[in-house]
Amino acid sequence: MQKIGVFVCWCGSNIAATVDVQAVSDALAREPGVVFSTNYQYMCSQAGQDMIQEKIRELGLTGVVVCSCSPRMHEATFRKACEKAGLNPYMVEIANIREQCSWIHKDKLSGTEKAVLLGKAAVAKVHLNTPLTAGESPVTKRALVIGGGIAGIQTALDIAEAGFPVDIVEKKPTIGGKMTQIDKTFPTLDCAACILTPKMVDAAQNENINILSYSEVEAVKGFVGNFTVTIRRKARFVDETKCTGCGLCTEKCPQKKVPNEFNLGLDTRRAIYIPFAQAVPKAAAIDPNYCTMLKTGKCGVCSKVCTVGAIDYQQKDELLEREYGAIVAATGFEPISMDKFDEFAYSQSPDVVTSLEFERLMNAAGPTGGTLLRPSDGTHPHTLVFVQCVGSRCDGGEKGKPYCSKICCMYTAKHAMLTREKYPDTEVYVFYIDVRTPGKNFDEFYRRAVEEYGVHYVKGMVGKVVPENGKLKVQASDLLGGQQLHIDADMVVLAAAVEPDKSARPLATMLTASMDTNDFFTEAHPKLRPVESPTAGVFLSGACQGPKDIPETVAQAGAAAAKVIGLLSKDRLTCNPCVARSDELMCNGCSACEKVCPYGAITYIDKEFRGPNRTTLLRRVAQVNPAVCQGCGACTVACPSGAMDLQGFSNAQIMAEVDAICK
Amino acid sequence: MKKLPLSQLDAFFAALAAGQELYIPAGDAGTAAFTPWREGLKLTPALNTSRSAKDLFFPQVENLVDFKVTGKQIEIIENRAPAKPFVIFGVRACDCRSFDILDKVFLADPADTYYKTRRENGTIVTLACTEPEETCFCTALGIDPANPAGDVSGWIAEDTLYLQANTGKGSALLETLPMLEEGEKPELDQPVFDRLPLKDLDWSAFGGERMMEHFNSPKWASLAESCLGCGSCTFVCPTCQCYDIKDFNTGSEIKRFRCWDSCMYSDFTLMSAGQPRPTQLERFRQRFMHKLVYYPSTHEGEFGCVGCGRCLQKCPISMNIVKVAGTLGKEETP
Amino acid sequence: MQERIKAKAIELLESGVCGRVLGWKTGEFFYDVTPAVFESREEIERDFVFGPFCGANLSKYLIAESRKGGKVGAFLKPCDTYSFQQLQKEHRILPENVYAVGVQCGGMCDIDAIRAAGIKGVLDVEEQGDSLLVHTLYGDKSLDRAAALSERCRVCKSKKILGCAELIGEQGEEQPSARFEQVAELEAMTPEERFAFWRGELSRCIRCNACRNVCPACSCEKCVFDNPSSGAENKAPANSFEENLFHIIRAFHVAGRCTDCGECSRVCPQHIPLHLLNRKFIKDINELYGPYQAGADMDAKPPLVNFQADDPEPSVVRERGTNP
Amino acid sequence: MQVNETFKPTVVAFCCNWCSYAGADLAGTNRLQYPADVKIIRIPCSCRLNPLFILRAFQRGADGVILCGCHPGDCHYTTGNYYARRRMTLLFSMLDYLGIERERTRVEWVSAAEGAKFAETMNDFVETVTRLGENRRLEDLRCKSE
């Protein structure tokens, strides 16, 4: 019989307000095996932990039940505390009487009743707990960063600086990401390219960093410390090692009519191209959708002009399989499509542009060479209307996103300010719901736009934009002025909401990392573990976790790197001891368990058993590799004889909980 | 002797059921069972029930005692179903004989009070056989299927039921039934009993005598080799009397119950040291040795079998006491 | 047929291909055939029988027989061969120790079917074309052969012999079968009717374990129902819950592995139509995840250890329009 | 239906540790109410749910059993919920076939972010089970002594 101590936490008033903690500890004191039961204000505090440790030592407790917050919160805390007092950490069970009881039940009577039952279930389970010892698994000392934007680059640089090899997988032909398309950065107005491209070069030159551009992750297997990742290196039809990036081919290619994605389709490029001048790797790529040679077999101009013979029309996609100890998701964001926002006439007039397009129109390397010209007729615009929150903060979510995209207020202020600075003859209107400027020097920046640069900030939404006679008729409401405004604008700029990159969802599935309903990666804890995914060994960097500006992204990228470095600096990891175990005496050797194991943790051996009457029997039996098993339990149900059981969540333990709850 | 026109059988059952619970064999061949009588229930056309009549005295599952746990206290509660008088109508001669065999086990000192109470409260009305099955061999065991025992013996001849009380309990029962008239049953000529294929079964080789010779016979190996180790023979057998005592934890109390056990099962008489009969051969041998040798050795040569033939019909692989006795009893041909 | 099989059995023994052969042994009557291992010509000539009452599926015996050393010969009917293959897939039968001979089958009779037709005191049966002449203690009776067939043979799904070293008789084919009709009839009932139906059937269960012990799929070293530490041990049908529990879990454990050989229903002393539980799973699997016949394909992954990303959701059960 | 007004069902919710248990925690963090009749048992993955546990719950007095796991494709263990989905579909179908009310069992996929869905699901399920009333068809009277 176990000697169980029960510790009921008040969590201040979080639990005690709707659960009678005294009644819970009294009721649990009457359970068989319970030798001590008490309640205390904050069990997780040092004083609370001390109390548990003291009772373990004093009473020789063999099991501990803590009725407190979710085990996802403090199970590890209490396990550690008990371990220090000499109790096996797996002899501790948590009854979740906060998230799953006190916080959701207003009625104290029913809340208390339920808390008692949850406590009884935990006591019933502890009766069947057995001390478990964690095994160890080795750590592959190499990291994978998925996404080569500023987040990925920064994470990779920091990991590489600490001395660990790291691979960056980038789906585009160059790293750099969205930041390469940005002209100036708020609130300092320094040039994005000037601060980004040196980092790109650093990454390329760092011997610990291996850039796999034009590549995508195809499959992920394994677990923390031991991932095996399949990476597809897409055929770029140019030998990256030979290409010098001279750009001759991109000038000679006869296929000139390819929309240039770097400039968001505002101009064109050739079928063979280098995305932009500072691309890393500085190597051309052939766009198979437009290349005449690849499509018809006739042309070959690039091959003829290339002096180093880098062109290879026969190149095929290549699959690499690499081992990693840690994976960082840095897949970034995309502005949402404007298809559903026809009221702003985005599809009707080329002079209605998104903010990112506006960045290109302002950029010296952009389609207009940095001169602000209307895409429709190349004339200089005089009246500009900026619309904020296009697709952000939308209720219902049908059309847009429920969240604030966070960066739009600041970049719109930047755009307005820069326009007024370069072209003092322009009138600039900004329509907003709220102006949100919570960042260092952000509000000052916004105020400069209004006060120094005379940008007209109007609280209210634009209702309709109608192209008419070369003008854009803007109908809007001025909520503070209490009037309808009609503005004849030359250009309208839409601050499109941001959303996670489309590649994030399938990647999350491969990583078994969870996502929220907006497809942003979820962090292990929103406050305390913001750069870790709940899946061990998977970390989050940049806007894939939520909308972020550049400084925040870089900060998180560094934080993710620190977590990865912490992981890779260990030689071995402690395994989860809650793994499957096969009872060889009952095993039929039928292979059902092996077929459902996602980790290949189960193997079979032929083993000799003593039979009746001094006979021996050779039987095939399953064995579980505890370093590989992750403890999902699929095998335990596939096994008809019940030979396969899961430590820490055994059949008997779960049934004991069921019994306690249903009583 | 009393008699009753069969046309009044329903009224007769109703009158019997008015005084106590009445069980009659009902249902189709193959699934017939002793069933509590209710308006409209008819006698089965089958010769006998699928399970034997022993169920009514020795049910498959019986709650013996409860242990109630309150906090850290355990209370012991005797949990015996209240004794109620009942009548079983239509018991065949073979099953009726099985009660004698069970009595010698359960009523011997110390008596099994659960069984004893049921025996005292039960009145057995037998029914003579007229259409035996080819699997019947009670006659070879000295049972007269045409003249069954019981508290009351019954015969159906033409369209009349004849009843003869054999015990005080039987007489008392018949006296409560006003619709019965006096009458004598005619002599019945039943040559079919002489045509039964198993009527000449010779079990003279068995009994308490040649115990070790039979026990050590090499023939068990081939007899037992295809036994599946199920309990169907045991559970349909009217004389099998082994049981297991188990505890069932309801969460708030322990219900200690007994249930039929089968010596064919691998956990039969399982002990901490293991299974004393480790393979199916030993378990199979146990069942037949018990019926043919052990029981007779302690009960004046009486076999632990009544020749009802149920195991012949029910064994999944058609291995049965007739085949075993036939094989073992055959003298070795040199 | 019987003579050809006996000759083959003798040949296998005398040529040294097998040290023993598994077949059917004659009994006291014409119908009480017992599976048996034969080791000599004399035994075979005296006792070996193959006829319309050799319903027992011998495959399960091969689990033990294939581990006893030496090679065992086995005569398998078409449906037995599905079990034979399924058990090889599960590594229960060691195929290298088995010499399997497929024997074609014209459908097996069931003495209980003859008794159910109201025929008593059966002494012998003569096959006369499509009917049977039954000699009884009470004179001769005639019966359609079809009426004497066991249910599984009336809805025979396949006469194909799988995975045997040689055949006696013609190779057959899978054939259309009405085996799911009764399941569909039950599905069409109201839940109350179904509940009443199954209570009526399962309440007869005496937990003799004949269904389990004869079942080729139920070949666990230790069954959960016999294992006191499994939490599911139950030795007797103490009440309706335990009757349900045993039969639901047993059917679930063999789901995707059950070849529908029908042995469970054949051996049930209480005539519970247990095959209707297994066939429900088979029908559901066929309808929800695509046709699957356990034992037919040595490589196909059994449906319960397999999945498709677009499998139907469990709510399909609630939404299915059988009855409100 | 006076009985149903006072009837408080016992509902067992098996939740996978990674998605649904976290979703339940989120429901708590957001103070989303659902009836106290729901008691959650944490299992590592929906594929850990043995049909035996469901029957056991009914035996011991549960009136409804619900399994919550990660959305198909999002399983922490990659494939666990796919197996769970097949197992539960077939089991529920079998229970229905035996005439046991099909609304007493349910599977819902609830992610760690779907606290609201968790609470809604539980509210709906408890309402459904309350309407059905006490579990009679899969009960074990020995466990209902009180």
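Trainee: Before we look at this predicted model, when do two strands pair?

Mentor: Go by the bridges that DSSP finds between them. For two strands to pair, the number of bridges needed is at least two.

Trainee: Okay, so in β8(C), which residue is the bridge partner of C:Val101?

Mentor: Start with the strands: β4 of chain C, residues 98–103, is joined to β8(C) by three bridges. These two strands run parallel. Over in β8(C), the bridge partner of C:Val101 is C:Glu166.

Trainee: Which strands stand at the edges of that open sheet in chain C?

Mentor: Read the order across the five strands, which is β2-β1-β3-β4-β8, with mixed pairing. From one strand to the next, the twist averages 30 degrees. Each edge strand has a single partner, so one side of it is left without a neighbour in the sheet. That picks out β2 (34–38) and β8 (166–168) of chain C.

Trainee: And which helix lies across those strands?

Mentor: Look for one that covers β1, β2, β3, β4 and β8 of chain C. Its direction is at about 155 degrees to β1(C). The helix is α1 of chain C, residues 2–14.

Trainee: How are α11(C) and α13(C) set relative to each other: roughly parallel, roughly perpendicular or oblique?

Mentor: Their axes are 10 Å apart, and the helices pack at an angle of about 45 degrees. Under 35 degrees would count as roughly parallel, and 65 to 115 as roughly perpendicular. The crossing is right-handed. The angle fits neither range, and therefore the two helices are oblique.

Trainee: What classes of residue make up their contact?

Mentor: On the α11(C) side you've got C:His247, C:Ala251 and C:Val254. They meet C:Leu277, C:Asn278 and C:Phe281 of α13(C). By class, that's four nonpolar, two polar and no charged residues.

Trainee: Moving on to chain D, which element gives the largest share of the side that touches chain A?

Mentor: The contact involves 45 residues of chain D and 43 of chain A. On the chain D side, α2, β2, α3 and α4 each supply at least two residues. By class, this side has 24 nonpolar, twelve polar and nine charged residues. The largest share is six residues, and the element is α2(D).

Trainee: Last one: in chain B, how far apart are the C-alpha centres of domain 1 and domain 2?

Mentor: Domain 1 covers 2–195 and domain 2 covers 211–328. Their contact takes 34 residues from domain 1 and 26 from domain 2, with β4 and α2 of chain B each supplying at least two on the domain 1 side. Centre to centre, the separation is 25 Å.

Definitions and conventions: Residues numbered from 1 in each chain as written. Chains lettered and ligands numbered in written order. Predicted model: local features only at pLDDT ≥ 70, side-chain atom pairs only at ≥ 80, totals over all residues. Domains from an automatic or database assignment. Contact = placed C-beta atoms within 7 Å. Helix = DSSP H or I, 4+ residues; strand = E, 2+ residues; numbered from the N terminus. Nonpolar A, V, L, I, M, F, W, Y, C, P; charged D, E, K, R; others polar. Axes fitted to C-alpha atoms, helices over the stretch in contact; angles between N-to-C directions. Parallel < 35°, antiparallel > 145°, perpendicular 65-115°, else oblique. Left-handed = near helix turned anticlockwise from the far one by under 90°.
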